[in-house]
Amino acid sequence: MVNKSEEYQIRCACCNKVLVIGRHIYFDNEKEAYMAAEVEDWNQIDGQFYCPDCIELNEKTGMYEPKNSTKR
């Protein structure tokens, strides 16, 4: 028997690192994936996720942005 399974994963838009919680890299639904990203301090910027290593606080705007961003 073949069962169809849908899984969700969060991947950094900058470095391609995958969000890992314990041994879990996949989540059962989108809501769980978003909650895991929030707990692990990943940020969603313009619809894409970034790991904590790939973002920085823009002191002028007070908002996080991808490192080496040209949006300054």
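So, helices here are DSSP runs of H or I with at least four residues, strands are DSSP runs of E with at least two, and both are numbered from the N terminus. With that in hand, D41 sits in the loop between α1 and β1 (43-45).

Quick housekeeping. This is a predicted model, so local features need pLDDT of at least 70 and side-chain atom pairs count only at pLDDT 80 or more, while totals for chains, interfaces and linings use all residues. Residues are numbered from 1 along each chain as its sequence is written, and side-chain values use heavy atoms, with hydrogens and water left out.

Okay, back to D41. It comes after α1, and its phi is positive, near 65°, in a residue other than glycine. D41 is also exposed, at a relative accessible area of 53%. On wording: buried is under 20% relative accessible area, exposed is over 50%, and partly exposed is in between, using a 1.4 Å probe and protein chains only. N16 is another non-glycine residue with a positive phi, near 70°. N16 lies in the segment before α1 and is partly exposed, with a relative accessible area of 49%.

Now the helix itself. Which residues of α1 are buried? In α1, residues 30-39, those are A33, A36 and A37. They share one side of α1, because they cover an arc of only 100° around the axis, the arc being that of the directions from the helix axis to the C-beta atoms. That's the familiar pattern: an α-helix has 3.6 residues a turn, so residues three or four places apart point the same way. K31, E38 and V39 are exposed on the other side of α1. The buried set packs against β2 (48-50), where contact means heavy atoms within 4.5 Å. At the N-terminal end, N29 caps α1, with a side-chain oxygen 3.2 Å from the backbone nitrogen of K31.

Next, the core. I mean a set of buried Ala, Val, Leu, Ile, Met, Phe, Trp, Tyr and Cys residues joined through side-chain atoms within 4.5 Å. The largest one has 14 residues, and I10, C12, L19, A37 and W42 touch the most other members. Two elements, α1 and β2, give it two or more residues, and α1 gives the most, with three. Leaving out residues up to four places away in sequence, C12 touches K17, W42, F49, Y50, C51 and C54.

Which brings me to cysteines. How many disulfides do we count? Zero, taking a disulfide as a pair of cysteine sulfur atoms within 2.5 Å. For C14, the nearest cysteine sulfur is that of C54, 3.8 Å away. For C54, the nearest is that of C51, at 3.6 Å. As for their surroundings, C14 is partly exposed, with a relative accessible area of 47%, whereas C54 is buried, at 9%.

Last stop, the hairpin. Strands β3 (residues 55-58) and β4 (residues 63-66) pair in the antiparallel sense over four bridges; DSSP has to find at least two bridges for strands to count as paired. N58 has M63 as its bridge partner in β4. Four residues lie between the strands, and in this hairpin G62 takes a positive phi near 75°.

And what does the side chain of E65 make a polar contact with? The side chain of N58, at 3.2 Å. A polar contact here is a pair of N or O atoms within 3.5 Å; within protein, one must be able to donate a hydrogen and the other to accept it, and residues adjacent in sequence count only if both atoms are side-chain atoms. E65 is in strand β4 and is buried, with a relative accessible area of 8%.
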